[in-house]
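Subject: Structure handover and notes

Hello,

The structure is placed below, followed by my notes on it. Please read them side by side.

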Amino acid sequence: MKVRRCSARLRFVQVLALFLFGLVVSASTALGQGSTSEVIRVYDVPQSDYSKLRFLGDFWGINWRDNYVNMNVTERGRAAVEALGYRVETDLEKQAEVERFRAIDQADWRARGLGGIAGFACYRTVDETTSDLAALALAHPELARWEDIGDSWRKTASTRGGDEIWALILGNNESPHEKAPLVVMAAQHARELATAESATRFAEWLVNGYVTNPTARWLLDHREIHIIAIQNPDGRREVEGDEPFWRKNANTNFCAESLPGVDLNRNSPVFFGNQSSSGSACSEVFRGQSASSEPETMAIQNYLRSVFTDYRDDFDDAIPNTAEGIFHSIHSFGELILFPWEGLGGGSENNAPNHDQLAWLGRKLGFFTDYRVGRTALGPAGGTTVDFAHGELGVAAYTYEIGTTFQQSCSSFESTIWPRVLDSLIYSAKAAARPYAAPLGPDVVDLAVNYDLGSNVIRITGLADDTRYDRNGSPEAPFNDPISAINIVTASLDVPPALATATIDLVLNTNGSVADFSGTLDVNTLDLSTPRLLFVQASDSDGNSGVPEAIWIRAQLFQDRFEGDL
């Protein structure tokens with residue numbers, strides 16, 4: 001077995017040497033312009049070999065359902081991949097996407113006033129995104145504020161253009177309750193179209209739903225949600241122009257003629273310089289000359305330090321269950337959810353101290369998205385923002401790789417990807433007060449309230465479910481999820497049970513890890529001059545309480561009682 005591993009390593013070194021000889025500049029230029037490159041599928045690649053492929057072309061992502069890797073390579077790059085013994089095919093679907101995107105007449109698109117990124121009306125431009133989010137804050141000052149948190153490289157360098165980096169901070173200013181933070185950051189890699197739109201739509205869902213949606217109401221009353229929709233505006237503007245596969249920031253001090261910039265997701269200090277980052281300026285994963293060298297990186301790191309409590313005393317210590325706060329970095333593509341440590345290779349010896357808890361929260365998110373969940377699902381990547389958030393602050397932090405392509409069609413984004421991502425972000429916001437504990441507890445689903453005219457009571461029904469975890473085939477430990485029998489279901493009015501002065505124990509009608517429940521409220525004891533939120537929360541036999549669910553109790557429930565006077 002040792003001989004085989006050594007032979008494979010030697011073979012890779014030989015192939016890599018042949019590939020790199022006289023190729024670095026020409027390959028980088030070809031990939032940057034897209035004129036002599038193609039998108040390929042590389043089948044049956046062991047996860048441990050992903051890092052090798054990054055030397056041979058632009059590693060786009062994986063399709064774990066069909067077991068292949070996507071790369072954009074030159075002719076010589078493809079030959080180098082094939083020389084390693086992998087089965088390689090041209091990805092006709094993605095190659096067609098590339099050609100369609102490059103063929104768009106952007107001037108005509110803009111002249112017709114179609115809006116959005118050319119060819120993709122559902123994805124707002126940098127200007128449209130910032131304008132819409134700023135307008136949201138202006139229209140709802142009680143719920144949102146718009147804050148400049150730093151500058152892009154071009155802005156800092158006083159070159160042409162350049163942008164501020166903005167955060168939209170959401171939460172009811174009048175609410176007296178403590179507000180645990182959730183930070184959602186997107187568009188760190190410029191070419192990943194669906195990411196900024198996902199973050200922007202989440203903000204709009206929360207603010208626009210505050211009056212009518214019970215979940216939006218309770219989240220904005222009890223959480224502080226930070227939306228950084230575009231971390232890399234310089235790169236995003238390149239994508240809006242004539243460089244649809246621009247990944248990095250716009251720092252032209254490095255590889256100015258072909259693939260300028262620094263990979264902002266390799267530039268943070270935790271595991272800086274580790275695997276799947278490069279010291280070569282023309283690499284798509286160029287990490288920069290030093291950790292935190294880029295203004296976009298410093299802006300985010302300083303902002304995260306200002307938002308989150310620092311729970312990190314020693315790097316090897318577990319974060320307590322009482323810790324608050326979640327950070328999400330939204331990327332595409334691959335249908336993956338990743339968590340720390342991203343910068344270390346496989347093996348349980350490289351797990352973070354809170355690995356199991358991070359995995360269980362990730363698997364909750366995997367339940368909503370149907371994504372594969374794991375620490376090493378995409379191979380190691382040193383210097384990520386997620387590892388910074390967890391490594392320096394102790395925050396529960398995750399990378400989303402949403403969708404199946406950089407240029408996700410608007411139809412698939414809106415019909416499938418966005419609804420699932422939204423559900424997972426809603427769950428994250430609920431769990432932000434106890435991210436290391438709440439995912440171990442049951443969820444409340446199918447919550448309903450109905451007025452019973454005969455007995456003059458409100459009947460509460462629903463289901464408590466302790467099984468909603470999904471890793472989608474990830475081989476990583478823990479191999480068992482914390483599934484136990486439902487033990488108790490509690491209701492409260494106006495605030496979640498943990499904050500209520502009085503609670504109501506609901507009745508379990510069945511036993512097991514999934515159980516239906518019911519209960520009643522006496523109408524005569526309720527002031528329904530305004531709508532009231534009813535909160536319901538379930539706990540299991542191991543003492544784990546899940547996140548609360550909320551539903552309105554409104555006077556409209558009682559139309560029969562008031563004979564249509566409402």
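A salt bridge here is a side-chain nitrogen of Lys or Arg within 4 Å of a carboxyl oxygen of Asp or Glu. By this rule R124, D132, E197, R201, E204 and E414 are linked in a network of salt bridges, and the count comes to 29 salt bridges.

Two notes on sources. This is a predicted model, in which local features need pLDDT of at least 70 and side-chain atom pairs count only at pLDDT 80 or more, while totals for chains, interfaces and linings use all residues. Residues are numbered from 1 along each chain as its sequence is written, and side-chain values use heavy atoms, with hydrogens and water left out.

Overall shape

The chain has 15 helices and 19 strands; helices (H or I, at least four residues) and strands (E, at least two) are DSSP runs, numbered from the N terminus. Its C-alpha trace spans about 85 × 60 × 45 Å along the principal axes. For 566 residues a compact globule would have a radius of gyration near 24 Å, and the 25 Å of the chain agrees with that. The radius of gyration is taken over C-alpha atoms, and the globule rule is 2.2 Å times the number of residues to the power 0.38.

Of the 566 residues, 59% are buried. Buried means under 20% relative accessible area, exposed over 50%, and partly exposed in between (1.4 Å probe, protein chains only).

Salt bridges between distant parts of the chain

Side chains of opposite charge can pair when their charged atoms come close. R154 and E238 form one such salt bridge, with the closest N and O atoms 2.6 Å apart. The pair links distant parts of the chain, since R154 is in helix α8 (residues 153-157) and E238 in helix α11 (residues 233-240), 84 residues apart. Both R154 and E238 are buried.

K364 forms a salt bridge with D443, where the closest N and O atoms are 3.2 Å apart. Here K364 in helix α13 is linked to D443 in strand β13, 79 residues away along the chain. K364 counts as buried because its relative accessibility is 0%. D443 is buried too, at a relative accessible area of 2%.

D443 also meets R468 in a salt bridge (3.0 Å, N to O). This pair again links distant parts of the chain: D443 is in strand β13 and R468 in the loop between β14 and β15, 25 residues apart. With 14% relative accessibility, R468 counts as buried.

Backbone points to check

Most residues other than glycine have a negative phi, and most peptide bonds are trans. The following places depart from that pattern.

- P340 and W341 are joined by a cis peptide bond, with omega about -5°. W341 is found in the loop between β10 (336-338) and α13 (355-369).
- A477 and P478 are also joined by a cis peptide bond, with omega about 5°. P478 lies in the loop between β14 (457-465) and β15 (486-493).
- D370 is not a glycine, yet has a positive phi of about 65°. D370 sits in the loop between α13 and β11 (372-373) and is partly exposed, with a relative accessible area of 26%.
- N456, not a glycine either, has a positive phi of about 55°. N456 is in the loop between β13 (443-452) and β14 and is buried, with a relative accessible area of 17%. The C-alpha atoms of N456 and V523 are separated by 6.1 Å, although the two residues are 67 apart along the chain.

A buried threonine

T200 is in helix α9 (residues 193-208). Its relative accessible area is 0%, so T200 is buried. The C-alpha atoms of T200 and T129 are 7.2 Å apart, with their positions 71 residues apart along the chain.

A charged patch

Which residues gather in a patch of negative charge on the surface? They are D310, D313, D314, D316 and D317. Patches are made of residues with over 30% relative accessible area and no salt bridge, with like charges joined within 9 Å and nonpolar side chains (Val, Leu, Ile, Met, Phe, Trp, Tyr) within 5 Å. Accessible areas come from the Shrake-Rupley method with a 1.4 Å probe, and for residues only the protein chains shown count as cover. Lys and Arg count as positive and Asp and Glu as negative, while His and the chain ends are not counted. The place of a charge is taken as NZ of Lys, CZ of Arg, CG of Asp or CD of Glu. Within the patch, D314 is in the loop between α12 (295-307) and β9 (326-331) and is partly exposed, with a relative accessible area of 38%.

Regards
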